[in-house]
Amino acid sequence: MMESSTCNSANLVSNIFAKDGGTSWKLRSYSSFYWKQSVKSSIRFEGIRASVAASPRTLESSKHGMQKAGEVVRVGVLGASGYTGSEIVRLLATHPYFKITLMTADRKAGQSLGSVFPHLITQDLPDMIAIKDADFSKVDAVFCCLPHGTTQEIIASLPTTLKVVDLSADFRLRDTTQYEEWYNQPHRAPDLQKEAIYGLTEILRENIRNARVVANPGCYPTSVQLPLIPLLEAGLIQTRNIIIDSKSGVSGAGRGAKEASLYTEIAEGINSYGITRHRHVPEIEQGLSDASKSKVTVSFTPHLMPMSRGMQSTIYVEMASGVNIEDLYQHLCSRYEDEEFVILLQKKAVPHTRNVRGSNYCFMNVFEDRIPGRAIIISVIDNLVKGASGQALQNLNLMMGYPENLGLLHQALFP
Ligand SMILES: NC(=O)C1=CN([C@@H]2O[C@H](COP(=O)(O)OP(=O)(O)OC[C@H]3O[C@@H](n4cnc5c(N)ncnc54)[C@H](OP(=O)(O)O)[C@@H]3O)[C@@H](O)[C@H]2O)C=CC1
Ligand SMILES: CC(=O)N[C@@H](CCC(=O)OP(=O)(O)O)C(=O)O
């Protein structure tokens with residue numbers, strides 16, 4: 001039997017796709033009928049066949065989250081003058097129900113966001129103020145886009161009626177002694193840590209839905225855990241010898257001026273950093289250990305790339321005894337077939353950061369290594385979107401009872 005290059009579980013929507021020249025499928029009828037169908041489809045389009053949740057492009061048809069029409073949620077963005085804060089503002093421009101009523105900054109308090117980020121000048125927004133001057137009775141929910149270490153006390157001081165999505169690392173590690181060890185500072189809100197839910201949406205959706213405080217995952221941990229958690233849960237890969245080589249765009253380091261982020265330091269070269277001791281190691285190991293129900297340790301090396309946004313993780317694993325690459329592919333395919341934002345590409349198609357740039361997608365694929373028993377997994381995200389602000393918005397949508405995809409319907413920016 002000829003090996004299929006696609007997911008077994010997927011059905012081609014042949015009534016709306018017509019074969020063109022034998023190699024690709026073209027959309028025959030780009031109708032609202034198609035976008036409103038709540039069917040999971042596999043689409044072969046210009047040579048790429050992906051595991052795509054084809055439907056959720058409208059409010060009515062989103063697969064995850066109930067519709068709660070009409071209620072406006074007043075949103076605060078703490079740290080709006082930073083990269084992730086301003087990215088939240090960009091995404092919220094197309095959100096039908098979330099309205100920004102509060103924005104804070106530190107050094108840039110008193111300024112308008114448009115004066116700091118001219119690409120957002122057309123939005124109707126309040127001026128940024130210092131957190132100490134903020135009136136939190138004006139908001140129902142906040143995105144906290146502040147540096148780690150500053151965040152625990154600030155969130156602990158907020159009214160407990162507020163829903164909070166924290167983009168920093170301050171509430172991601174359940175074990176506060178681990179936080180102290182890896183972040184070299186005391187944990188300042190251990191009680192709140194017990195309440196915080198880790199916000200890897202596709203994995204912990206039901207916990208996030210009912211959470212008040214969500215710790216949004218780090219960008220590297222998002223790109224690593226999305227492919228590995230399902231494979232570890234199913235026992236398809238070994239827990240030993242997991243090697244993760246990740247690359248990030250420079251916006252991952254934030255907007256604050258640093259010597260290492262200067263153009264002259266970044267351009268025309270790449271460099272690894274945080275070798276053996278990057279602070280995302282315990283976050284990755286926490287998620288992978290939960291998935292495998294045993295202690296997992298990983299070798300993780302991040303690299304800085306001469307690009308403004310984007311992230312790739314290349315992950316080397318050993319397959320479990322008797323497991324082959326097809327098993328890995330089919331498992332990821334069925335695990336993510338109903339997910340709008342996690343896309344398993346057609347077999348052999350190589351994920352490219354450019355194809356997710358500016359979007360909330362994670363593209364991934366698995367490859368058989370030349371060395372028997374080993375596999376290579378590649379996943380790509382935009383560090384500022386699925387790796388930060390996009391996933392944060394996905395989580396707040398879920399926490400407020402709205403469809404998960406509101407404000408997140410952007411395709412990648414290309415080129
Ligand atoms: N960049 C990324 O790809 C990712 C970032 N994250 C995390 O998200 C958080 C925000 O990151 P990012 O947007 O990149 O960071 P930036 O450095 O770009 O922005 C930081 C923001 O916090 C404000 N701020 C700084 N110090 C204080 C303080 N002491 N009190 C109050 N406000 C303060 C800054 O205000 P001002 O500019 O006015 O000084 C700015 O608005 C960080 O914890 C980061 O680790 C998570 C995933 C990915
Ligand atoms: C390129 C770069 O510097 N990246 C950051 C990670 C960005 C991120 O996800 O950071 P948080 O854990 O703080 O949320 C770093 O390596 O520290």
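Trainee: In this predicted model, at roughly what angle do the axes of helix α8 and α12 cross?

Mentor: Helix α8 covers residues 219-233, and α12 spans 385-399. Their axes come within 8 Å of each other, and because angles of 65 to 115 degrees count as roughly perpendicular, the two helices are described as roughly perpendicular. The crossing angle is roughly 95°.

Trainee: Which residues of α12 does α8 meet, and how do the residues of that contact divide by class?

Mentor: From α8, the contact draws on Cys219, Thr222 and Ser223, which meet Lys386, Gly387, Ala388 and Gln391 in α12. By class, the residues of the contact of α8 with α12 divide into two nonpolar, four polar and one charged.

Trainee: What is the order of the strands in the open sheet of seven strands?

Mentor: The pairing in this sheet is parallel, and its edge strands, each of which pairs on one side only, are β7 (128-129) and β10 (197-198). At the β10 edge, two bridges join β10 to β11 (residues 213-215), with isoleucine 197 having valine 214 as its bridge partner. The full order is β7-β6-β5-β8-β9-β11-β10.

Trainee: Which strands does α12 lie across, and at about what angle does α12 run to β9?

Mentor: Besides meeting α8 through Lys386, Gly387, Ala388 and Gln391, helix α12 lies across β8, β9 (163-166) and β11. Its angle to β9 is about 160°.

Trainee: Is α2 mostly covered or mostly exposed, and how many of its residues are buried?

Mentor: Helix α2 packs on the sheet, where it touches β5 (73-78), β6 (98-104) and β8 (141-144), and its direction makes about 155° with that of β5. Its buried residues pack against β5, β6, α3 (113-116), β8 and α12, and among them are Tyr83, Glu87, Ile88 and Leu92. The helix is mostly covered, the number of buried residues being nine of its ten.

Trainee: Which helix gives the most residues to the shell around ligand 1?

Mentor: Of the 30 residues around ligand 1, those that come nearest are Gly79, Gly82, Ser168, Gly254 and Arg255, and the shell divides into eleven nonpolar, 15 polar and four charged residues. Two helices, α2 (83-92) and α12 (385-399), each supply at least two residues of this shell. The one that gives the most, with three residues, is α2.

Trainee: How many charged residues does the shell around ligand 2 have?

Mentor: Ligand 2 is surrounded by residues including His148, Ser168, Cys219, His280, Pro302 and Leu304; of these, Ser168 is also among the residues that come nearest to ligand 1, while Cys219 belongs to the part of α8 that meets α12. By class, the shell around ligand 2 has five nonpolar and seven polar residues, and the number of charged residues is no more than none.

Trainee: Which glycine in the turn between β17 and β18 has a positive phi?

Mentor: Strand β17 (residues 362-368) has five of its seven residues buried and pairs in the parallel sense with β16 (residues 342-344) over three bridges, where leucine 344 has methionine 364 as its bridge partner. With β18 (residues 374-381), β17 pairs in the antiparallel sense over six bridges, and valine 366 is there matched with isoleucine 377. The hairpin formed by β17 and β18 has five residues between the strands, and the residue in the turn with a positive phi, about 85°, is glycine 373.

Trainee: Is asparagine 184, a residue with positive phi that is not a glycine, buried or exposed?

Mentor: Asparagine 184 lies in the loop between α5 (176-183) and α6 (190-195), and its phi is about 55°. A residue counts as exposed if 12 or fewer other C-beta atoms lie within 10 Å of its own, and asparagine 184 has 9, so asparagine 184 is exposed.

Trainee: Which residue does a cis peptide bond join to phenylalanine 414?

Mentor: The bond has an omega of about 0°, and the residue concerned lies in the segment after α12. That residue is proline 415.

How values were computed
Residues numbered from 1 in each chain as written. Chains lettered and ligands numbered in written order. Predicted model: local features only at pLDDT ≥ 70, side-chain atom pairs only at ≥ 80, totals over all residues. Near = placed C-beta within 6 Å. Helix = DSSP H or I, 4+ residues; strand = E, 2+ residues; numbered from the N terminus. Nonpolar A, V, L, I, M, F, W, Y, C, P; charged D, E, K, R; others polar. Axes fitted to C-alpha atoms, helices over the stretch in contact; angles between N-to-C directions. Parallel < 35°, antiparallel > 145°, perpendicular 65-115°, else oblique. Contact = placed C-beta atoms within 7 Å. Pairing = 2+ DSSP bridges. Buried ≥ 20, exposed ≤ 12 C-beta atoms within 10 Å, placed from the backbone.
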